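Trainee: I am new to this structure and would be grateful for a close look at a single part of it, namely its aromatic rings. Please take me through them in one connected account.

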Amino acid sequence: MRFAVLGPLAVSRADAAVPIGGPLVRSLLAVLLLNANRTVPTAQLLAALWGDRPPATAAASLNNHVMRLRRLLADPDGTGPLHRAPDGCRIAVGPGQLDLDDFTAHCAEGRGLLTADRCAEAADRFAAALALWRGEPLGDALDSGAESAALDRLREARLQAVEQLAEARLRLGRYDQVIADLRPEVHAHPWVEPLHGRLMRALHGAGRQADALAVYRELRRELARELGIEPSPALRGLHQEILSASAAPVGRPAPVTAPPPAVAPTPRHPVPAHPVPRQLPPVTRWFAGRTAELKALAEAMDPAEDDGAGVRIATVTGTAGIGKTTLALHWAHHAADRFPDGQLYLNLRGFDPTGQPVAPEQAVRAFLDALGAAPERIPATLAAQTALYRTLLAERRVLVVLDNARDAEQVRPLLPGSAGCPVLVTSRSRLAGLVAVEGARPLPLDLLSGPEAVDLLARRLGPETVAREPAAIDGLVAACARLPLALGVAAARLALNPALPVGELLARADRLAALNAGDAATDVRAVFSWSYEQLSAPAARLFRLLSVHPGPDASLVAAARLAGLPVGRARSALDELTEAHLLAETAPGRFLSHDLLRAYAAELAADEETAAELRAATARMLDHCLHTAHAAERLLSPARDPITLAPPGPGGEPEPLADVAAALAWCDAEYRVLLAAGPAAAAAGFDVHAWQLPWACLTYLLRRGRRHDVRAGQLAALAAAERLGDRRGQALAHRHLGQVCRALGEQEAARAHLLAALDLEQALDSRSGQANVLHSLAIWYEQAGDPGTALGHARRALDLHRAAGHRAGQARLLNAVGWYHSLLGDHRQALADCQEALTLLRASGDRYSEACTLNSLGHAHAQSGDPAAALTAYRSALTLHRELGSRPQEAQTLTDLGDLHHATGDHAAATTHWRAALSLLTALSHPDAEQVRARLARP
């Protein structure tokens with residue numbers, strides 16, 4: 001069977017087309033093929049088929065479409081490539097079955113040949129790769145929003161193949177062929193400088209110097225008009241070479257480097273050198289003026305201005321609402337092509353009304369995630385994390401945008417160490433320290449000029465409105481203090497009421513003159529009030545109450561819970577607030593407010609809501625977060641011993657979560673809200689929520705590799721539990737801190753926390769609690785190289801679970817006891833313990849622990865001289881780990897299988913399993929990859 005995605009979706013079997021009818025079935029197959037050989041979560045499939053608002057019957061409908069697609073793709077014997085998993089679907093695609101795989105392979109071969117200067121062969125490979133493209137990828141199977149990131153990566157990979165084919169042919173002197181190929185590409189991508197550079201070289205090589213210079217002039221005009229920037233120094237240098245050169249070709253660049261892959265890697269494909277983050281938020285289309293500022297910013301960020309001594313930094317500073325972020329993002333989007341390795345963006349929330357700016361540790365870890373650092377390899381200290389961040393950016397060209405910084409100290413850990421990664425910072429502070437010490441170029445932003453403000457209103461309202469009431473427009477500009485945010489709010493008010501004359505809006509504002517103390521901050525409050533005063537009562541109340549949400553944004557359901565409204569009524573209120581420009585819907589169902597508007601809402605809340613009403617809203621919001629997070633935790637880790645929650649108060653009900661995929665999707669969407677909710681709970685005096693929220697987020701954070709967030713949350717949980725005098729909460733926080741500190745390499749801190757937890761559990765006379773701590777201590781001793789002491793702790797834990805009648809705990813500890821027996825050489829006892837554990841686990845349905853126990857059995861069988869039994873156990877473990885998506889454990893089992901085959905003399909099978917393990921570990925950036933690589937290097 002053959003699949004094609006580089007154009008309209010096509011499927012064939014033995015050269016005969018296989019019809020895939022129905023748009024939803026085609027969309028389903030398209031998403032699966034973009035993620036071939038990987039399980040696609042149910043939530044992702046639902047989003048691809050129905051967007052962000054699937055119908056109530058979507059889950060059942062998806063099952064029907066999967067069954068239909070499975071029948072369409074099945075072979076005559078009933079087997080086929082489509083497989084169901086507990087949390088999604090997977091399509092198995094072998095070598096030569098998917099045109100995208102062939103494209104990727106051809107490009108990889110071409111890059112290697114081009115690096116070796118075997119240009120004719122390289123050109124053949126790139127030409128073969130591009131011949132696979134038949135048009136817009138999957139344009140007939142996916143709408144514009146579904147899988148947009150994956151489709152963008154495909155288009156980017158194609159463009160890079162075009163550039164590399166042109167490079168190969170340039171080196172061969174095939175100038176006319178390059179010119180014919182690149183003319184339409186330059187027209188389609190008018191700001192991609194590498195295309196223009198290669199076209200200039202081809203024209204010059206063909207003896208058409210004037211045409212080559214004309215290409216440069218046209219590009220320069222476009223960049224100046226649209227972006228306010230000059231061509232890059234490399235292109236300017238090429239232009240100068242052509243001006244002064246003879247008829248000989250010029251400008252042969254350094255050998256080509258490998259681009260990022262078209263799609264996320266699977267174990268079958270080469271692992272990319274690094275991901276390419278594209279984090280810039282969307283920018284408003286209503287941009288006016290700032291011509292001088294854009295030019296100054298382009299000059300500040302131009303590498304030609306560098307003396308090579310350090311990173312370029314520009315600081316855009318000014319008062320709230322003056323348009324710092326808009327200016328920075330406008331320039332960054334237009335200059336993005338200059339940074340082929342990506343753009344990093346983070347809102348540092350330096351002046352957020354909640355008073356909770358992003359800590360440098362959180363900011364660095366967010367960027368490490370974006371740059372593809374494996375969670376288990378992120379070091380514990382801020383200094384080490386910053387060093388890793390700078391290492392990952394070395395030799396890359398990445399733009400770093402740091403929005404809303406509080407001070408220089410918040411920014412410094414985020415500064416790259418290489419000149420190829422400039423930094424653009426916005427702040428209300430002058431950031432004098434960055435200017436003085438790091439040599440940042442300051443760009444203070446002033447109010448719009450009168451003509452610029454009028455131009456902004458003309459773009460929003462239409463030039464006819466401005467021309468009809470020029471005096472009123474001037475009055476509106478004055479009332480808004482020429483502040484862009486205020487002008488945007490006022491323009492939105494008028495756009496929503498096109499029949500309302502501008503003069504009447506100003507007249508309505510006369511009664512608010514007392515709010516105007518003659519400066520921009522108070523003027524803008526008056527402008528905000530123009531929109532606020534027109535809100536319905538439910539929308540106005542929701543606007544006020546949103547000021548107590550911890551942010552950074554709020555979901556539709558969270559807003560409904562906060563206000564104690566049904567979701568439908570909350571949606572109407574949010575739509576009204578969005579239309580009034582008091583909120584922005586940054587993604588479907590997620591709402592964000594400018595911090596100046598949040599401060600205004602907080603003022604209104606303090607004036608118009610009672611303390612009891614605000615506390616009740618906070619309680620509803622925290623109940624919603626806690627109980628939904630707890631429901632997600634129970635889905636993610638059903639075998640974990642639960643805690644007891646108080647029932648949610650009226651209006652604080654959790655969101656329904658159907659399955660593991662839904663739990664993960666909710667946690668992903670609410671991740672930053674959940675991190676902020678704990679401190680918000682503590683600040684508001686809700687200490688029970690403050691310790692229980694980190695407990696409820698534990699499994700999710702560990703599965704996402706966010707160990708540092710676990711540690712921060714558990715430290716806060718411990719403090720809250722201590723304030724309450726809650727020894728159960730203290731014991732759990734100490735145990736979790738011990739586990740995460742051990743994972744972070746802080747062994748002494750880990751042991752101290754575990755011993756503190758054990759003391760508390762003994763004081764509580766909790767047998768199962770003591771057993772859980774002893775199990776963690778056993779792992780601590782195992783990692784310290786003392787399996788004998790580990791076995792002693794595991795036996796004590798097993799006895800305590802038996803005394804407490806805790807069957808799930810007994811099963812896990814039986815496996816642990818068996819494992820330690822095996823490490824100590826008593827394989828017969830290990831087999832007995834692990835077999836008993838396996839029986840209990842299969843009865844309880846704890847499939848993850850079952851897979852781990854099968855691994856232990858495989859090890860014990862192998863060590864006791866029964867390779868056939870070991871092979872059976874390992875294969876069963878491998879099947880379970882793959883079904884559960886446990887990729888590090890899958891890699892470990894593959895490694896064990898390789899070791900087993902090597903020990904029995906089947907070196908070919910050993911190599912196959914080790915290579916598969918290495919592919920997984922490399923994709924995960926796992927430190928064990930080196931051990932597997934060493935196995936493969938054996939003679």
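Mentor: Rings of Phe, Tyr and Trp, the last taken by its six-membered ring, count as a pair if their centres lie within 6.5 Å. Planes over 60 degrees apart make such a pair edge-to-face. Please keep in mind that this is a predicted model. By the rule just given, the count comes to six aromatic pairs.

One of these joins phenylalanine 103 and tryptophan 133, whose ring centres are 5.8 Å apart and whose planes meet at 75 degrees, an edge-to-face arrangement. Phenylalanine 103 belongs to helix 4, residues 99–115, while tryptophan 133 is found in the loop between helix 5 (119–131) and helix 6 (148–171). The pair therefore ties together parts that lie 30 residues apart in sequence. Burial is assigned to residues with under 20% relative accessible area. Phenylalanine 103 has a relative accessible area of 2% and is therefore buried. Tryptophan 133, at 13% relative accessibility, also counts as buried.

A further pair is formed by tryptophan 780 and tyrosine 781. Their ring centres are 5.0 Å apart and their planes stand at 80 degrees, so this pair is edge-to-face. Tryptophan 780 and tyrosine 781 are both buried.

Tryptophan 780 also has a charged partner: the charged end of arginine 751 sits over the ring of tryptophan 780, 5.8 Å from the ring centre. A similar description applies to tryptophan 695, over whose ring sits the charged end of arginine 640, 3.7 Å from the centre.

Rings may also gather in a group. Tyr532, Phe543 and Tyr600 together form one aromatic cluster.

For the setting of these rings, two other parts of the model may be added. Strand 9, residues 399–405, is mostly covered, with seven of its seven residues buried. On one side, strand 9 is joined to strand 8 (residues 343–347) by five bridges, and the two run parallel; here leucine 402 of strand 9 is the bridge partner of leucine 346. Strand 9 is also joined to strand 10 (residues 423–427), again in parallel, by four bridges, and valine 400 stands opposite valine 423 of strand 10.

Helix 37, which covers residues 847–863, has 17 residues. Of these, 12 are buried, so helix 37 is largely enclosed by the rest of the structure. The buried residues include Leu854, Leu857 and His861. After helix 37 comes glycine 865, which has a positive phi, near 85 degrees.

Conventions:
Residues numbered from 1 in each chain as written. Predicted model: local features only at pLDDT ≥ 70, side-chain atom pairs only at ≥ 80, totals over all residues. Heavy atoms only, no water. Expected span 1.5 Å × (residues − 1). Buried < 20%, exposed > 50% of the residue type's maximum accessible area, 1.4 Å probe, protein only. Pairing = 2+ DSSP bridges. Phe/Tyr/Trp six-rings, centres within 6.5 Å; stacked < 30°, edge-to-face > 60°. Lys NZ or Arg CZ within 6 Å of the ring centre and 35° of its normal.
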